[in-house]
Amino acid sequence: MSNKKKQSSLISLGFNNVVVKNKIVAIVAPEAAPIKRLKEEARQNKKLIDATSGRRTRAVIITESDHVILASVQPETIAQRFS
């Protein structure tokens, strides 16, 4: 597999954090109450990944494996990185 192929399957979340593109189920804003509950459940189940580097959470990424990833970039920015 070439390096270009490997790089195209990853999406940067900033601060040297990446996520595998084809494992993402949803990218949502963190403000809604159901998303806050989802984050808390993931924390309790040890499936919460904080990729914010101490900054404000602006996007929540849900993966196929039910991991919840917190990102400090806007959901729109992450969605643009898909193309």
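**Exercise 1. Count the salt bridges in this predicted model.**

Solution. Start with the cut-off: a side-chain nitrogen of Lys or Arg has to lie within 4 Å of a carboxyl oxygen of Asp or Glu. Applying this rule to the predicted model gives 2 salt bridges. Let's take them in turn.

**Exercise 2. Work out which parts of the chain the salt bridge of K23 and E64 ties together.**

Solution.
- Step one, the distance: the N to O separation between the side chains of K23 and E64 is 3.8 Å, and the cut-off asks for within 4 Å.
- Step two, the location: K23 sits in the loop between β2 (17–20) and β3 (24–28), while E64 belongs to the loop between β5 (59–63) and β6 (68–71), so the pair links parts that are 41 residues apart in sequence.
- Step three, the surroundings: K23 has a relative accessible area of 42%, which makes this residue partly exposed.

**Exercise 3. Place the salt bridge of E40 and R43 in the secondary structure.**

Solution.
- Step one: the side chains of E40 and R43 meet at 3.1 Å, N to O.
- Step two: both residues lie in helix α2 (residues 33–44), and their spacing of 3 residues is about one turn of the helix.
- Step three: E40 is partly exposed at 34% relative accessibility, and R43 is partly exposed too, at 44%.

**Exercise 4. Decide whether N22 is buried or exposed, and find how far N22 is from E41.**

Solution. N22 is found in the loop between β2 and β3. Its relative accessible area is 55%; exposed means over 50%, so N22 counts as exposed. From N22 to E41 there are 19 residues in sequence and 23 Å in space, C-alpha to C-alpha.

Definitions and conventions. Residues are numbered from 1 along each chain as its sequence is written. This is a predicted model: local features need pLDDT of at least 70, side-chain atom pairs count only at pLDDT 80 or more; totals for chains, interfaces and linings use all residues. Side-chain values use heavy atoms; hydrogens and water are left out. Helices (H or I, at least four residues) and strands (E, at least two) are DSSP runs, numbered from the N terminus. Buried means under 20% relative accessible area, exposed over 50%, partly exposed in between (1.4 Å probe, protein chains only).
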